[in-house]
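These are my notebook entries on a two-chain model. I wanted to look up how the chains meet.

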Protein chains: 2
Amino acid sequence: MRQIEVTGTRPYRVQVGPGLLGQAAVPQRQVALICPQDLPAEFVAQVQRRLSPVVTVTVPARDDCKTLDVMAGVLSQLAQANLPRDGAVVGLGGGAVTDLAGFVAASYLRGVAFYTMPTTLLGMVDAAVGGKTGVNLPEGKNLVGAFWPPAAVWCDTDTLATLPPAVFREGAAEAYKHGLIDDPSLLPRVLHPDFRPGGPLLEGTLADAIAVKARVVSRDLTEQGERAFLNFGHTLAHALEAVTHHGIPHGEAVAYGMHYAARLSHAVYGSEAASLSTHTLNFLRWQQPAPLPELNFDDLNAFMARDKKADSDGVRFVLLRALAQPELSRVPGAVLRAEFEGWLKDMRGLGKAATPAALPG
Amino acid sequence: MRQIEVTGTRPYRVQVGPGLLGQAAVPQRQVALICPQDLPAEFVAQVQRRLSPVVTVTVPARDDCKTLDVMAGVLSQLAQANLPRDGAVVGLGGGAVTDLAGFVAASYLRGVAFYTMPTTLLGMVDAAVGGKTGVNLPEGKNLVGAFWPPAAVWCDTDTLATLPPAVFREGAAEAYKHGLIDDPSLLPRVLHPDFRPGGPLLEGTLADAIAVKARVVSRDLTEQGERAFLNFGHTLAHALEAVTHHGIPHGEAVAYGMHYAARLSHAVYGSEAASLSTHTLNFLRWQQPAPLPELNFDDLNAFMARDKKADSDGVRFVLLRALAQPELSRVPGAVLRAEFEGWLKDMRGLGKAATPAALPG
């Protein structure tokens, strides 16, 4: 079992290892459990036996739960169960459910304690650490929410064994991103065959990927500075998700977005950033995302302009001056458009070059 | 013009005086204005001329705007207007609208700057200071929200001149409450004929009533301790609002609730608290609330048990050991029921005893 300490105004601990769902303990006497309808019943039962929730709220799977409408229903169920203000909300499931559960915890009675038990790779590496909670609007992803850090996070690696391989590979995008922006030792490990459910590289790689986020978040809770670097690849990713109405899973959108950001980095910073595209293409070949639909730059650009990193002066991108050297940078519109065309060509060529020989040693 | 400083982690200033809507200034370049549909158009126009909002969102009047449904629509309009994260939300109107606007500000892009311009007595004394924002659930009032203090508050006393006298008297309940829990000098001033729109006691009484809340909030931002004292009278008030489906205006419900809390205080603390009922009855005679509908203790008690001051050990009431000596106290169920019957008799006798002779000197 590995532990990561997240420091800051409200420090908490992330535990990574097998069997954790059956070992979690919280000081609150009354707990509400929120989980998605597609979660294996044994996980829910394990947590119910351990924490005896006063109410278990089942919500739609994946991003279908991240709406204000679903949130309203969850809040009503908590109120009907009389969950008190010294109670707690526990989010069990993928990143979408823990994002929703966190915003529910932040808002119910103006804030109650929050715990997460992520059951997907994406949820463990990305959503469980950092305190960013929220739901989507019809106008875009994560446009509503709160900074509300959990009091503890349990990443039970046993839960990953039930994930379809494609979903596991999807979730690896955020771990790979942490390699690109901060810890390059993660890059070969994420692509290694032993990084798999039950594999010998799983726990350590996962813990190190989570540790990258924990370090950044510890230094910057409300996303004024370097925390924005965690959004590497996300500006295009969010736009892709928006124009396809979430037809592209988040981890695949991030993989696509990282390659676009790698190309922008090369265009802005020159030769130092030239090798980044090799890494992002290697990852895409390993991940094997579903092929992209027809895309139009202007449609995507309209969504990118609404990105949370946009301020009154325009959209800023997270770029890499070189491996592990992230920077926020404004990119001229002409460059955005030109690199989009290059990116689109690379993406069309993806299927053809998908050979294991492309993996790095 | 009077100024009140609210200290704490994010200090801000409350200004009270005439003509302030036309003098407000904010550093943010992009501003969203939220106001109720029944607000006089001249107030909206004055603020629009001054702050040039990128979007003005009109919402239903009074508590009809305090729903997650209305909030979803407001958030979408902000997103469509591309309000950036360095923008601001300005709430202009009564306490319901500023409560909604504050929760919108707290949640949009996980939090943008917030300003309030309360236009009702209730909004100025109660809702504008303290950072409590939120909306209602079908299950009860203010069950969802955030602590999100404004960056500045402008209480333009000119706006009070348009209030119907009954609405002005309704709003005085919170000012009177601040007299009971902290500053007894407010009690005769609130009931004085010169405390009226344009009257010579308006600005000073208002500022002193706001100052009570500012002092309490400055010491206790997240309502762990004495801030709960501001809820004097609110446990029954919220229950009355719930069982009547908000058929009783908040200030009238608070006036009714203060008298119940005064009776409970007498029952729990004895002779020291005996005179409180005289004050709360005097206020009710001055306020002239609409008569109560048929009420049943068990219905009300079910809602009181869901009060935010309830924790796993039961409901706590804010009581007064004596004037200006508030305490949190658990009250036995038998006392709650017995004093409810006494309260009901007092309330039935209200109309008959409504003579100016009952007002204190």
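I started with residues 353-361 of chain A, where pLDDT (the predictor's confidence in each residue, from 0 to 100) stays under 50. For this stretch the model has eight contacts (heavy atoms within 4.5 Å) beyond four places in sequence. Chain A as a whole averages a pLDDT of 91, and 94% of the residues score at least 70.

I noted the ground rules. This is a predicted model, in which local features need pLDDT of at least 70 and side-chain atom pairs count only at pLDDT 80 or more, while totals for chains, interfaces and linings use all residues. Residues are numbered from 1 along each chain as its sequence is written, chains are lettered from A, and side-chain values use heavy atoms, without hydrogens and water.

Next I looked up the contact between the chains. Chain A gives 36 residues and chain B gives 36 residues. I found zero salt bridges between chain A and chain B (a side-chain nitrogen of Lys or Arg within 4 Å of a carboxyl oxygen of Asp or Glu).

Last, I superposed the copies by least squares on the C-alpha atoms of residues with pLDDT of at least 70 in both. A turn of 180° and a shift of 0.0 Å along the axis lay chain A on chain B with an RMSD of 0.0 Å. The two copies are therefore related as by a two-fold rotation axis. I also saw that 100% of the interface residues of chain A are interface residues in chain B, so the copies meet through the same surface.
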